[in-house]
Amino acid sequence: MPFVVLESNLPASSFSEDFLKRFCSVTAAALGKPEDQRMNMVVHPGLPMLVGGSCAPCVLVSVSAISVTDTAEKNKEHSAKIFGFLTKELSLAEDIVIQFLELQPHQVGKKGTVMSFL
């Protein structure tokens, strides 16, 4: 059950509903997770941000998931796919940073319990 949070100083108009759906599809495919009933995504646009000492247009992405963000090799593949999509869609070059966080099943609640029991 991945959680994807994208924060950016780009305006809200850069993140249409169509963008969200395509970003969800790309991220789900990269992580090997089904889109429906699994993916959770939020975009926070228009934030005051500084990345690498610059306030130029930028994006920070946090990807938290169970079992798929636990190795450098996996995250290198995930990063390439997510980075490729975002650079193309948002016309950004190097101003994208992705953070991967490994979750344990007991850290994710759903349906009044935690994923350990589902």
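Colleague: Which residues is Asn 9 in contact with, leaving aside neighbours within four places in sequence?
Modeller: Contact means heavy atoms within 4.5 Å. By that rule Asn 9 touches Gly 46, Leu 47, Met 49, Cys 55, Ala 56, Pro 57 and Cys 58. Asn 9 itself sits in the loop between strand 1 (3-8) and helix 1 (17-31). Helices (H or I, at least four residues) and strands (E, at least two) are DSSP runs, numbered from the N terminus.

Colleague: What are the ground rules here?
Modeller: This is a predicted model, where local features need pLDDT of at least 70 and side-chain atom pairs count only at pLDDT 80 or more, while totals for chains, interfaces and linings use all residues. Residues are numbered from 1 along each chain as its sequence is written, and side-chain values use heavy atoms, with hydrogens and water left out.

Colleague: How do you know that the side chain of Asn 9 makes a polar contact with the backbone oxygen of Ala 56?
Modeller: A polar contact is a pair of N or O atoms within 3.5 Å; within protein, one must be able to donate a hydrogen and the other to accept it, and residues adjacent in sequence count only if both atoms are side-chain atoms. The oxygen of Ala 56 lies 3.0 Å from a polar atom of the Asn 9 side chain. The backbone nitrogen of Cys 58 lies 2.8 Å from a polar atom of that side chain.

Colleague: Why is Cys 55 not bonded to the closest cysteine sulfur?
Modeller: A disulfide is a covalent bond between the sulfur atoms of two cysteines. The rule asks for a pair of cysteine sulfur atoms within 2.5 Å. The sulfur of Cys 55 is 7.8 Å from that of Cys 58, so it is too far for a bond. The count comes to zero disulfides.

Colleague: Why is Cys 55 called buried or exposed?
Modeller: Buried means under 20% relative accessible area, exposed over 50%, partly exposed in between (1.4 Å probe, protein chains only). Cys 55 has 57%, so it is exposed. Cys 24 has 13%, so it is buried.

Colleague: How do you know that the span of helix 2 agrees with its 19 residues?
Modeller: The expected span is 1.5 Å times one less than the number of residues. For residues 72-90 that gives 27 Å, and the end C-alpha atoms are 26 Å apart, which agrees. The buried residues of helix 2, including His 78 and Phe 85, pack against strand 1, helix 1, strand 3 (59-66) and strand 4 (96-103).

Colleague: What makes strand 3 and strand 4 a pair?
Modeller: Pairing needs at least two DSSP bridges. Eight bridges join these parallel strands, and Val 61 stands opposite Ile 98 in strand 4.
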